[in-house]
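I opened a fresh page for this one. These are my notes on what I looked up, in the order I went.

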Amino acid sequence: MAETTATGLPKGFRGAEQGWPELHRIPHPPRRLPFLGDVLGASRRTPLQDTLRYAGDLGPVFRRKAFGKEFVFAWGAREVADLADESRFAKHVGLGVANLRPVAGDGLFTAYNEEPNWQLAHAVLAPGFSREAMAGYHPMMLAVAGRLTDHWDRAVAAGRAVDVPGDMTKLTLETIARTGFGHDFGSFERSRPHPFVTAMVGTLTYAQRRNTVPAPLAPYLLRAATRRNAADIACLNDTVDALVRARRTTGGGEGDGDRVGDLLDRMLATAHPVTGERLSALNVRRQVITFLVAGHETTSGALSFALHYLSRHPEIAARARAEIDAVWGDAEVPGYDQVAKLRYLRRVLDEALRLWPTAPAYAREATVDTVLAGEHPMRRGAWALVLTAMLHRDTSVWGADVERFDPDRFEPGAVRGRPGHVFKPFGTGARACIGRQFALHEATLVLGLLLRRYELVPDPGYRLRVTERLTLMPEGLLLRLGWRGVGSRAAAR
Ligand code: MNH
């Protein structure tokens, strides 16, 4: 099972035909072509948003066929809750995730459930996300946020608009690199992205394109891209190997002394609490790449979408600012505990992740022969893609106005009034996101600092467009900034 073919896809990679004995009962789009399948109107650049357009009409479970392979999608609240049952279902490593195996191997995100390195790495790294560990990252997160506000201050002074997704990506990359690995990519000082970032974007884009090209044709259709991808992977490996080598020889990050056991220290030094086993050098490389990639793209998107909505809803921004002023007061910088107290701002973030869950889908497979939601028989090994963005628009639980941005949906009373498993931006079960608290702390902290300091002025001509490269990101989002009212500038720093 852990075997992969030369293409990086798991051996026996297959469509839904074998695992779903009553597949014919699952609806598919009209106008299906022989051999090619449901490709009319399909776009290679936005496969997710494409699929979302069909979902509403086809219902909570549907299928799509592309290039001879059939895939089952699920998004109804009832079906997704059933797929969360860990006694019958587990993470499925398929499609986009499987396409990343050549880059991340048996790293945490891409490991097969039964691969021994998943258990080992999970045990070694989970304490790196404990409350104590997070409190240790807080000052480094503040330092990186300070580089962002320096950069934005210069934009205000020059009357220049800021590139929101670009700057959020610099911020989140520097944050995970600093807190996880004591490394500095110098993103804010560069006029062009660090080569690591270019290579990373290249591998993500390539992994997504592999989904839209039939595997046997990939060597022909993607020849040049495949060569570039190999160079990109080599660049990622070289960058990470240098970083690890530096740590092994110095025994410390940048020697600043405030690094109290970061993720890399844990990877290199921690033994499994029971077996005493350690991560191999190859596995450490894969984990570092995994964390640098998984630890920043999605948070960057979440911050960018939240800033977009805040700029478009001055009344919501005003409520968030009132809370920030009340909780943070005149403190020059917020303490660790003052971030989680921004309850309303957290709801803004949750609402942004409801509309645009930046990791927009996850796959679940049956671990026993079973029936999905009492309706669709599945053989062991059969799998479905959960469309989170559509789950978050299920009108039966979220109401008729699902497209409206409304953070009050996440007031405690409203949350209690909904069934479980209807909000899943971080996946589910044992393989859910290990970095959830990290991302939420970082994003809430940064939104708080930015709202306290700047007015966000949207470009009235901008209409939200969403790009896909496995993760989601607003495209071309520029904001103009102003200093926030009198006194707040001094209070901000
Ligand atoms: Mn994250 C898994 C979403 C931030 C590291 N992450 C997942 C999954 C989702 C997800 C969904 C499950 C995928 C699947 O089932 O196949 N992650 C997010 C989102 C954000 C995010 C929406 C930000 C917002 N993730 C982060 C951060 C880190 C991180 C920050 C690291 C610091 N995520 C991971 C890792 C996994 C993961 C590692 C794999 C965990 C496992 O399988 O054990």
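What follows are my entries on the ligand, the salt bridges, one serine and a surface patch.

**Before starting.** I reminded myself that this is a predicted model.

**Entry 1: the metal.** I began with the manganese atom of the ligand and asked which protein atom acts as its donor. I found a single one, the SG of C433, at 2.4 Å. Then I looked up where C433 sits: it is in the loop between α19 (412-416) and α20 (436-453).

**Entry 2: around the ligand.** How many residues surround the ligand? I got 24, and the ones that come nearest are K91, W118, T298, R431 and C433. R431 turned up again when I checked distances, since a polar atom of its side chain is 2.7 Å from a ligand oxygen. Backbone atoms show up here too. A polar backbone atom of L108 is 3.2 Å from an oxygen of the ligand, and a backbone N or O of A294 is 3.4 Å from a ligand nitrogen. I also noted which elements give two or more residues to this shell: α12, α13 (297-312) and α20.

**Entry 3: salt bridges, whole structure.** I ran the search over everything and wrote down 29 salt bridges. My reminder to self: side chains of opposite charge can pair when their charged atoms come close. I then picked a few to follow up.

**Entry 4: E375 and R78.** The side chains of these two meet in a salt bridge, 3.0 Å from N to O. Which parts of the chain does the pair tie together? E375 is in the loop between β6 (370-372) and β7 (376-378), while R78 is in helix α2 (residues 77-83), so the bridge ties together parts 297 residues apart in sequence. I checked exposure as well. E375 has 38% relative accessibility, so I put it down as partly exposed. R78, at 49%, goes down as partly exposed too.

**Entry 5: D106 and R286.** Here the salt bridge is 3.3 Å, N to O. This pair also links distant parts of the chain: D106 is in the loop between α4 (101-104) and α5 (116-125), R286 is in helix α12 (residues 281-294), and 180 residues separate them. Are the two partners buried or exposed? D106 has a relative accessible area of 11%, so it is buried. R286 has 25%, which means it counts as partly exposed.

**Entry 6: R88 and D82.** In this salt bridge the closest N and O atoms are 2.8 Å apart. I have both R88 and D82 down as buried.

**Entry 7: a network.** I also came across salt bridges that join up into a network. Its members are E351, R354, D401, R404, D406 and R409.

**Entry 8: S187.** I moved on to S187, which lies in the loop between α7 (164-181) and α8. Its relative accessible area is 6%, so I wrote it down as buried. What does the S187 side chain touch? I found a polar contact of 2.6 Å with the side chain of E174.

**Entry 9: a patch on the surface.** Last, I looked for nonpolar residues on the outside. L217, Y220 and L221 form a nonpolar surface patch, with about 340 Å² of accessible area together. L217 is in the loop between α8 (195-211) and α9 (218-221). With 42% relative accessibility, L217 counts as partly exposed.

Notes
Residues are numbered from 1 along each chain as its sequence is written. This is a predicted model: local features need pLDDT of at least 70, side-chain atom pairs count only at pLDDT 80 or more; totals for chains, interfaces and linings use all residues. Side-chain values use heavy atoms; hydrogens and water are left out. Patches are made of residues with over 30% relative accessible area and no salt bridge: like charges are joined within 9 Å, nonpolar side chains (Val, Leu, Ile, Met, Phe, Trp, Tyr) within 5 Å. Accessible areas come from the Shrake-Rupley method with a 1.4 Å probe; for residues, only the protein chains shown count as cover. A salt bridge is a side-chain nitrogen of Lys or Arg within 4 Å of a carboxyl oxygen of Asp or Glu. Helices (H or I, at least four residues) and strands (E, at least two) are DSSP runs, numbered from the N terminus. Buried means under 20% relative accessible area, exposed over 50%, partly exposed in between (1.4 Å probe, protein chains only). Donors are N, O and S atoms within 2.8 Å of the metal (3.2 Å for Na, K and Ca); water is not among the atoms, so sites may look incomplete. A residue is near a molecule or strand if one of its heavy atoms lies within 4 Å of it. A polar contact is a pair of N or O atoms within 3.5 Å; within protein, one must be able to donate a hydrogen and the other to accept it, and residues adjacent in sequence count only if both atoms are side-chain atoms.
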